[in-house]
Amino acid sequence: MIPSRYQIGRRVEETADTVTFALTPLDRPLPEAQPGQFHMLYAFGVGEVPISVSGRLSRTVHQHTLRAVGAVTKALFDATAGTILGVRGPFGRGWAPPAQGSDVVIVAGGIGLAPLRPVIQHAVANRGLYGRVTVVIGARSPADLLYVREYPRWEAGGIEVRSTVDAAGPGWQGNVGVVTTLLPGLVDEPAATAAMLCGPEVMMRFAARALMDQGVPPGAVQVSLERNMRCGIGECGHCQLGPLLLCRDGPVTGYDVAQPLVSVKEL
Amino acid sequence: MTSVRESLGEYPFLDELPELWLDRLADLGHRVSYPAGLRLFSEGGHAEHFWLISGGAVGLDLHVPGRGDVLIDTVHPGSVLGWSWLFPPYRWHFGAVAASTVHAVQFSGVQVMSLCRDDPAGGMELMRRFMGVVVDRLQATRIRLLDLYGYQP
């Protein structure tokens, strides 16, 4: 429960309110995080927040992408290179790797692309392991799309990348509409398709439904759920969702488990 | 190249429509292709046609003073473009531009409406499908109204 000291290295402002930075350990490195797991990042004197790992630069240097929405994330967004943070983790259950040879459909909305980025990077680096791999990305506007500079690299690595925005700006020639409009036709073999979804819960509900309508079994659809993670070890109960403590049993879970829970009001 | 009749079997919009109706629609449909950037119709123009999109994508836009033509939606392959021919005043509410090279089957709204009047049962089925398209677009628009990606303090 005691944070390890990490130092912010290179930081890239992805959008007006979202930043990606690398963290290098100053103390003994924490165990290596798996894609989909999260760390508790502590801005000293401000507070602690759960942030998914968005990439790894070496065995000990990893990346986080966060959006400034509250006091702590604003402090982390403003933190410059050289700033020291407290880090605990990694926590939770990450993405279960798809079976070899299966098709993979990745659906990300907004900041939800961050925890899926390591999965995409893994797919690019191990392209031969999978069949068709498609990444569908939704954002509020073109200016809010994350990692845009990396899309050409993903596509060159054999990944099909499709993006859409809710509201187009001047000059935008891409898709406009909800992510579900890009899902028809993506599932060739439902029984051999694995899907990974991360984004606003409503978006995931509609996307999961659209994939299940194409025959993908609920258990083959993984979703990353977010609740109020605090302790990270399943002790405090703040992140309870029905029988799940998401900091321990999630954040990634099968939609067969999540579906009955996310449809219950106030749960 | 497949015939119009054969290609109609590939559209979810026409799934399980009676063969007789597919034959009738095939007689009215014309294959068309539009290069990227070509404007199919403009806001306020007379709405005479609809299209079943088989390839490419069509952007729907609206001219906003000071902002130019702003894209508001994208119609993808397998979808239907155009329903303003169904209702008075038969004017397009938005414009449409080929976002990439578009392949489609184009129909005259007047001819299809005439077909519906001649065979009300089949026409009812076709109108029900158009209603499904309208409802899908309405639901998608409602979801966008939620501004899901925005931060709600």
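Helices, as runs of at least four residues, and strands, as runs of at least two, are taken from DSSP and numbered from the N terminus. On that basis chain B of this predicted model holds four helices and eight strands, whereas the secondary structure of chain A comes to six helices and 15 strands.

**The two chains as wholes**

In chain B the order of the elements, read from the N terminus, is α-α-β-β-β-β-β-β-β-β-α-α. The radius of gyration of chain B is 16 Å, close to the 15 Å that the globule rule gives for 153 residues, and chain B is therefore as compact as a globular protein of that length. For chain A, with its six helices and 15 strands, the radius of gyration is 18 Å, close to the 18 Å that the globule rule gives for 267 residues, so chain A too is as compact as a globular protein of its length.

The table sets out further values for each chain, with box dimensions taken along the principal axes of the C-alpha atoms.

| Chain | C-alpha box | Buried residues | Accessible surface | Carbon and sulfur part of the surface |
|---|---|---|---|---|
| Chain A | about 50 × 45 × 35 Å | 54% of 267 residues | about 11,200 Å² | 53% |
| Chain B | roughly 55 × 35 × 30 Å | 45% of 153 residues | about 8,100 Å² | 58% |

Contacts within each chain can also be sorted by how far apart the partners stand in sequence. Of the contacts in chain A with a separation of 6 or more, residues 24 or more positions apart account for 69%. In chain B, 76% of the contacts between residues at least 6 apart in sequence join residues at least 24 apart.

**A buried serine in chain A**

S4(A) has its place in strand β1 of chain A, an element that covers residues 4–13. Is S4(A) buried or exposed? The relative accessible area of S4(A) is 11%, and because buried means under 20%, S4(A) counts as buried. Leaving aside residues up to four places away in sequence, S4(A) touches D27(A), R28(A) and L30(A), and also L85(A), G86(A) and V87(A).

**A partly exposed arginine in chain B**

R39(B) lies in strand β2 of chain B, which covers residues 39–41. With a relative accessible area of 32%, R39(B) is partly exposed, because that value falls between the 20% under which a residue is buried and the 50% over which a residue is exposed. When residues up to four places away in sequence are not counted, the residues that R39(B) touches are D61(B), D69(B), G95(B), A96(B) and V97(B). The C-alpha atom of R39(B) is separated by 15 Å from that of G68(B), a residue 29 places away along the chain.

**Two helices that pack in chain B**

Helix α3 of chain B, residues 109–118, packs with helix α4 of chain B, residues 120–145, at an angle of about 130°, and their axes are 5 Å apart. Why does this angle make α3(B) oblique to α4(B)? An angle of about 130° is oblique because it falls outside the ranges for roughly parallel (under 35 degrees), roughly perpendicular (65 to 115) and roughly antiparallel (over 145). On the side of α3(B) the contact is made by V112(B), C116(B), R117(B) and D118(B), which meet P120(B), G123(B), L126(B) and M127(B) of α4(B). By character, the residues of this contact between α3(B) and α4(B) divide into five nonpolar, one polar and two charged.

Conventions. Residues are numbered from 1 along each chain as its sequence is written. Chains are lettered from A and ligands numbered from 1 in the order in which they are written. This is a predicted model: local features need pLDDT of at least 70, side-chain atom pairs count only at pLDDT 80 or more; totals for chains, interfaces and linings use all residues. Side-chain values use heavy atoms; hydrogens and water are left out. Buried means under 20% relative accessible area, exposed over 50%, partly exposed in between (1.4 Å probe, protein chains only). Contact means heavy atoms within 4.5 Å. Axes are lines fitted to C-alpha atoms, for helices over the stretch in contact, and angles run from 0 to 180 degrees between N-to-C directions. Ala, Val, Leu, Ile, Met, Phe, Trp, Tyr, Cys and Pro count as nonpolar, Asp, Glu, Lys and Arg as charged, and the others, Gly among them, as polar. The radius of gyration is taken over C-alpha atoms; the globule rule is 2.2 Å times the number of residues to the power 0.38. Accessible areas come from the Shrake-Rupley method with a 1.4 Å probe; for residues, only the protein chains shown count as cover.
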